[in-house]
Amino acid sequence: MSKDEKVAGVPNTSLPEGFVFDPERGARWFTRHGHTGFLGMEYHDHGEDWIELALPWREDLVGVEETGVLASGPIISLLDNATSMSVWTRQGTFNPQVTLDLRIDYVRAATPGKTVIARAECYQVRRSMAFVRGIAHEGDVTDPIAHTAGIFMLVSSVGWAKP
Amino acid sequence: MGQAVSEYHLPPYARSMGMEVDHVEDGAPVIAMDFATRVMGRPGFLHGGAIGGLLEMAAHAALRAELERQGSDSRIKPVNISIEYLRGGVQERTFARGEVIRAGRRVANVRVEAWQGDRSRLVASSWMNFLLAPPKT
């Protein structure tokens, strides 16, 4: 990865003075790397304290072969990523954090072939924790696939990542 | 009964994530997943979603095995999951195994744990509830 990508993206423990987390650039960086890149997540939209990521349907991510319904694993990943980025979106900067817990209610099965969108919001940040919630849907938030609530622990950058 | 369980068929998502049945322990399959870029979150560590996906697969496999023992071919639908992330998943093979707490007529409750080299040092712990539906005819 180039130096520029590191700054736009994130896993850099020495951010430049006055660094501003740009949700769109950050998300575009994430979605090219690791598990997020493997699943094919895409940036969708964002506001002051929320962000939306999308996950297009793919045959190799299916959980029930007979029906073509997406596995719930990729939906956990999508909600984990979106809620995580909502914290940096709200803060306007990047701080190292790890998932403390994540709770998900599966309201209904995803529609085979349809893109899943996760809308995630960070509704509170305390000194050591960030509180998040999110909805996975297919374009209509009033007809959700899943609801999530979670907590991220804000941690020291020492040992956070192993580049 | 071990025969049917060890032949547990993993769905496309699990296979593309590199998950496999490692062995069967007290009737429940232990699902394993090797470390690779495709399961990495922050550099050098497992992605929380990949851990979640592995936990769900182990919960599903444990419940399927239990239902087989009961002679049931009910369909299994995930209702909810709660995951506690206990420590960072490092660049090693990860294992997960579910324990069916109760499999009733309509609902099943499963506890699942994930670990790496040392079984006593869990990477994640979770519970999961499933809705049991009669097989489609």
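**Exercise 1. Find which residue of chain A stands opposite B:E84, and work out which strands meet there.**

Start with B:E84, which sits in β3(B). In this predicted model, the residue across from B:E84 is A:D101. Next, look at the strands around this pair: β5 of chain A covers residues 97-106, and this strand runs antiparallel to β3(B). The two are joined over five bridges.

**Exercise 2. Trace the sheet from β1(A) to β1(B) and name its edge strands.**

Begin in chain A: the order goes β1(A)-β2(A)-β6(A)-β7(A)-β8(A)-β5(A). Then step over to chain B and carry on with β3(B)-β6(B)-β5(B)-β4(B)-β2(B)-β1(B). That gives 12 strands in an open sheet with antiparallel pairing. The edges are β1 (42-46) of chain A and β1 (19-25) of chain B, as each of them pairs on one side only. For the twist, ignore direction: neighbouring strands are turned by 25° against each other on average.

**Exercise 3. Zoom in on the chain A edge: which residue is the bridge partner of A:E42, and which helix packs on β1 and β2 of chain A?**

First, the pairing: β1(A) and β2(A) (residues 50-55) are antiparallel, with four bridges between them. Within β2(A), A:A54 is the partner of A:E42. Now add the helix: α2 of chain A, residues 23-30, packs on the sheet and touches both strands. Its direction makes about 165° with that of β1(A).

**Exercise 4. Break down the side of chain B that touches chain A.**

Count the residues: the contact takes 28 from chain B and 32 from chain A. On the chain B side, α2 (12-16), α3 (48-69) and β3 (75-85) each supply at least two residues. The largest share, eight residues, comes from β3(B). Sorted by class, this side of chain B has 12 nonpolar, 12 polar and four charged residues.

**Exercise 5. Characterise α3(B): how far does it reach, is it mostly covered or open, and what does it lie across?**

Check the length: α3(B) has 22 residues and spans 32 Å from first C-alpha to last, close to the 32 Å expected at 1.5 Å a residue. Then check burial: 19 of those 22 residues are buried. For its surroundings, α3(B) lies across β5 of chain A as well as β1 to β6 of chain B. Against β4(B), the helix runs at about 45°. After the helix comes B:G71, with a positive phi near 75°.

**Exercise 6. Look up the confidence scores.**

For chain B, mean pLDDT is 93, and 95% of residues reach 70 or more. The model as such scores ipTM 0.93 and pTM 0.91.

Definitions and conventions: Residues numbered from 1 in each chain as written. Chains lettered and ligands numbered in written order. Predicted model: local features only at pLDDT ≥ 70, side-chain atom pairs only at ≥ 80, totals over all residues. pLDDT = per-residue confidence, 0-100. Contact = placed C-beta atoms within 7 Å. Nonpolar A, V, L, I, M, F, W, Y, C, P; charged D, E, K, R; others polar. Pairing = 2+ DSSP bridges. Expected span 1.5 Å × (residues − 1). Buried ≥ 20, exposed ≤ 12 C-beta atoms within 10 Å, placed from the backbone. Axes fitted to C-alpha atoms, helices over the stretch in contact; angles between N-to-C directions.
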